[in-house]
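Thanks for sharing this one. Here are my notes as numbered points, to be read with the model open beside you.

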Amino acid sequence: MKLRAVLFDAYGTLFDVHSVALLAEQLWPGQGQSLSQLWRDKQIEYTRLVSMSGSHDKPAGAHYRPFWEITRAALRWAAARLGLAMDMASEERLMNQYRHLSAFPENREVLAELKQRRIPAAILSNGDPDMLGVAVKSAGFADLLQHVISVHPTRRFKTDPAAYALGPATLGLTAREILFVSSNAWDAIGATWFGYTTLWVNRSGAPPEQLDTQPSHSGRSLRDVLAHFPVH
């Protein structure tokens, strides 16, 4: 089936979640990379916890909290785990840095080329709308994206099908007609199971997931997206 649009994950794919490590290193020399990694891992763990958990009288998702709140909670846990004394000023500096994450260097070129080729490009992200709005504006991507879709209205985080369903509903296409692009292997697998055509941008050279499912395609940079939309 012909691909008609691109749907990008935001955090880890368009925006470098570990660009916070530089500030963390300034605050706590020797701990910047460790804090960044623990923060990210706990952030993703918390999205799954609040999406999946319920009780005998509450459905799954009843404990949902916006991604911004989860990101702050994960930061506090990571700092505590490393035994770092984090005052409110340092916490706010790190959170503000997360709001303005660096974009990967090739991204603007790729988004601009997609626009030139008249391929609709959008974001589907766990981020809540305010977070995404600031990140997109800060990176200068606002004029290159047709839609910035947050999972927030569903009160579910990826990889919940309700979150993935927002893409086809917004773009007016079937999932198979959309190239879903993520640098997070778990996200690429979840999107594949949902029915998207997927591209895993494996920047780190990580091994494939061992779940008997692989993304439709894999690459090492966002530039690999362009190969799926040749110029005619």
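1. What covers the buried residues of helix α3? Among the covering elements are α2 (32-52), α4 (88-99) and α6 (129-139). Please keep in mind throughout that this is a predicted model.

2. Helix α3 itself runs over residues 67-81, which makes 15 residues. From the first C-alpha to the last, α3 reaches 21 Å, close to the 21 Å expected at 1.5 Å a residue. After the helix comes Gly-83, with a positive phi near 70°.

3. Which residues of α3 are buried? They are Phe-67, Trp-68, Ile-70, Thr-71, Arg-72, Ala-74, Leu-75, Ala-78 and Ala-79. It may help to recall that an α-helix has 3.6 residues a turn, so residues three or four places apart point the same way. You may like to look at Arg-72 in particular, since this arginine is on the buried list.

4. Stepping back to the whole chain, the secondary structure comes to nine helices and six strands. The C-alpha trace spans about 55 × 45 × 35 Å along its principal axes. How does the radius of gyration fit a compact globule? For 232 residues such a globule would have a value near 17 Å, and the 18 Å of the chain agrees with that.

5. A few totals complete that picture. Of the 232 residues, 50% count as buried. Among contacts with a separation of 6 or more, 64% are between residues 24 or more positions apart. The accessible surface comes to about 10,900 Å², and carbon and sulfur atoms make up 52% of that surface. As for charge, the chain has 24 positive and 22 negative charges, and the mean positions of the two sets are 4 Å apart.

6. Leu-111 is worth a visit. This leucine is found in helix α5 and is buried, because its relative accessible area of 0% is under the 20% cut-off. Which residues does Leu-111 touch, leaving aside those up to four places away in sequence? The partners are Phe-8, Ala-121, Phe-141, Leu-144 and Leu-145. With Leu-145, Leu-111 forms a pair 34 residues apart along the chain, with 7.7 Å between the C-alpha atoms.

7. Where does Val-151 sit? This valine is found in the loop between β3 (147-150) and α7 (161-164). Despite the loop setting, Val-151 is buried, with a relative accessible area of 0%. Not counting residues up to four places away in sequence, Val-151 touches Leu-124, Ser-125, Asn-126 and Gly-127, and also Arg-156, Phe-157, Lys-158, Ala-163 and Leu-166. Ala-165 is 14 residues from Val-151 in sequence, with a C-alpha to C-alpha distance of 9.5 Å.

8. Two backbone angles deserve a look. Arg-118 has a positive phi of about 60° although it is not a glycine. Arg-118 lies in the loop between α5 (107-116) and β2 (121-125). Is this arginine buried or exposed? Arg-118 is exposed, because its relative accessible area of 75% is over the 50% cut-off.

9. Asp-212 is the other residue to check here: its phi is positive, about 60°, although Asp-212 is not a glycine. The loop that holds Asp-212 runs between β5 (197-201) and β6 (217-219). With a relative accessible area of 82%, Asp-212 is exposed.

Key:
Residues are numbered from 1 along each chain as its sequence is written. This is a predicted model: local features need pLDDT of at least 70, side-chain atom pairs count only at pLDDT 80 or more; totals for chains, interfaces and linings use all residues. Side-chain values use heavy atoms; hydrogens and water are left out. Helices (H or I, at least four residues) and strands (E, at least two) are DSSP runs, numbered from the N terminus. The expected span of a helix is 1.5 Å times one less than its number of residues. Buried means under 20% relative accessible area, exposed over 50%, partly exposed in between (1.4 Å probe, protein chains only). Contact means heavy atoms within 4.5 Å. The radius of gyration is taken over C-alpha atoms; the globule rule is 2.2 Å times the number of residues to the power 0.38. Accessible areas come from the Shrake-Rupley method with a 1.4 Å probe; for residues, only the protein chains shown count as cover. Lys and Arg count as positive and Asp and Glu as negative; His and the chain ends are not counted. The place of a charge is taken as NZ of Lys, CZ of Arg, CG of Asp or CD of Glu.
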